[in-house]
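Open the model in your viewer and keep the selection panel at hand. The stops below are given in the order in which to select them.

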Amino acid sequence: MPVLRNHPLASLTTFGLPSSANFFCPCTSVEQVKEALSLVRSEGLPLTVLGGGSNVLLTGDLDGLVLHNRLEGIEIVEENGKEVWVKVGAGVPWHALVVETLKRGWYGLENLSLIPGSVGASPMQNIGAYGIELEARFHALDAIEVHTGQPRSFSHSECEFGYRESIFKKELKGAYVITHVTFRLSRRPELRLDYGAIREELDRAGVHDPGPQDVSNAVIRIRKSKLPDPSEVGNAGSFFKNPVLDAEQFSALQSAHPDVPHYPAPSGTKVAAGWLIDRAGWKGHHRGTHGIHDRQALVLVHHGGASGADLLALAQDVQQDVASKFGVALEREVNVLPLG
């Protein structure tokens, strides 16, 4: 197992911010993950797990050991005439998985096309887009417990999925390293076209009898029209969650702003964080080295030369202003490291 000292991390995150790891271990197998965790325990090192680096804001150097999860592999573990269960290495890039499933005739992930990041992070965040969340296609995951090195499998119910949430962001935060995720996919298309602009994009492209690949292509075009490419402009996608308000909170907001976009949610009403930020005047805000994207107010961008602290300060300014103007607290979707 390679252990590197003072390893730079900027190229491993989509923000591209300056940072380094005291100890860095790229892990390509379960055994290497176990070895890295053994080192963490024996030396008493703080642990940070890094996947695709698309959902993290680094505000400084990371002490301890950074485990870079690079586990690969896509394999069928069970199938019948209607469904297929596919086990995927946590280090597989998410969009590469979507592309491969479509190629093999396994359907259900097409609405989640072009989401950055790795497979291992997908259940932690319960990623979602265009009317579907990961939990709809999730079956189980395999993980290694940090403090014991013991393997454990988690079923769907044990993950306690919620809106951009799971048990791995709450009670078990930092307690496990995910190594594989198993998805339950369909061999027959089950298209979801009524969220966002998918149907309109298909009509614009002249596609009147769409299949899963057409839906994926439409989602890719929509995302590219709204979101900056991390290879060109540093960003981590949506920086804030869409807030879910209770009946009293939503009534007060809608009374003052009748045009606020909103959607039903299990625990209340979800409102569009991007609309709140845009209406507060932040869309396209520029601070030289960094700012807010001019086409999507949810996206903080790094133009070059900024620090993580600069981006965090901007995010906090946005949160304070939105709370002042709308009485709504925005919660970060991006993880800020180091903690504290």
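In which loop is Ser 54 found? Select Ser 54: the residue is found in the loop between β3 (47–50) and β4 (56–58). Helices (H or I, at least four residues) and strands (E, at least two) are DSSP runs, numbered from the N terminus.

Before going further, note that this is a predicted model, in which local features need pLDDT of at least 70 and side-chain atom pairs count only at pLDDT 80 or more, while totals for chains, interfaces and linings use all residues. Residues are numbered from 1 along each chain as its sequence is written, and side-chain values use heavy atoms, with hydrogens and water left out.

**Around Ser 54**

Ser 54 is buried, at a relative accessible area of 10%. Buried means under 20% relative accessible area, exposed over 50%, and partly exposed in between (1.4 Å probe, protein chains only). Now show Gly 117: its backbone nitrogen is reached by the side chain of Ser 54 at 3.3 Å. A polar contact is a pair of N or O atoms within 3.5 Å; within protein, one must be able to donate a hydrogen and the other to accept it, and residues adjacent in sequence count only if both atoms are side-chain atoms. Leaving aside neighbours within four places in sequence, Ser 54 is in contact (heavy atoms within 4.5 Å) with Thr 14, Pro 116, Gly 117 and Ala 236.

**Strand β13**

Select residues 234–238, which are strand β13. Four of the five residues are buried, so β13 is largely enclosed by the rest of the structure. Add strand β18 (residues 299–302), which pairs with β13 in the antiparallel sense over three bridges. Two strands pair if DSSP finds at least two bridges between them. To see one bridge, pick Asn 235, whose partner in β18 is Val 301.

**Helix α2 and the largest core**

Next, select α2 (94–104). Its buried residues are Trp 94, Leu 97, Val 98, Glu 100, Thr 101 and Leu 102. The elements covering them include β6 (74–79), β7, α3, β12 and α5. After the helix comes Gly 105, with a positive phi near 80 degrees.

Trp 94 also leads into the largest nonpolar core, which has 42 residues; Trp 94, Leu 141 and Phe 183 have the most contacts inside it. A nonpolar core is a set of buried Ala, Val, Leu, Ile, Met, Phe, Trp, Tyr and Cys residues joined through side-chain atoms within 4.5 Å. Elements that each supply at least two residues of this core include β7 (83–89), β10 (138–145) and β12 (176–186). β12 gives the most, with five residues.

Centre on Leu 141. Not counting residues up to four places away in sequence, Leu 141 touches Pro 123, Arg 152, Ser 153, Phe 154, Cys 159, Phe 168, Ile 178, His 180 and Val 181. A second, separate core of 34 residues includes Ala 280, Ala 315, Phe 326 and Val 334.

**Aromatic pairs**

How many aromatic pairs are there? The count comes to seven. Rings of Phe, Tyr and Trp (its six-membered ring) pair if their centres lie within 6.5 Å; planes under 30 degrees apart count as stacked, over 60 as edge-to-face and the rest as tilted. Show Trp 94 with Phe 183: the pair is edge-to-face, at 5.8 Å centre to centre and 65 degrees between the planes. Trp 94 in helix α2 and Phe 183 in strand β12 are 89 residues apart, so to speak a link between distant parts of the chain. Both residues are buried. Then show Phe 239 with Phe 240, an edge-to-face pair at 5.2 Å centre to centre and 65 degrees between the planes. Phe 15, Phe 239 and Phe 240 form one aromatic cluster.

**Asn 111 and Asp 214**

Go to Asn 111, in the loop between α2 and α3 (122–125). Is Asn 111 buried or exposed? At 2% relative accessibility, Asn 111 counts as buried. A polar atom of its side chain lies 2.9 Å from the backbone oxygen of Tyr 130. Beyond four places in sequence, the residues that Asn 111 touches include Ala 129, Arg 192, Ile 198 and Val 219.

Asp 214 sits in helix α5 and counts as partly exposed, at 26% relative accessibility. Its C-alpha atom is separated by 9.8 Å from that of Ile 198, 16 residues apart along the chain.

**Cysteines**

Finish with Cys 25. The model has zero disulfides (pairs of cysteine sulfur atoms within 2.5 Å). The cysteine sulfur nearest to that of Cys 25 belongs to Cys 27, 5.6 Å away. Cys 25 is buried, with a relative accessible area of 0%.
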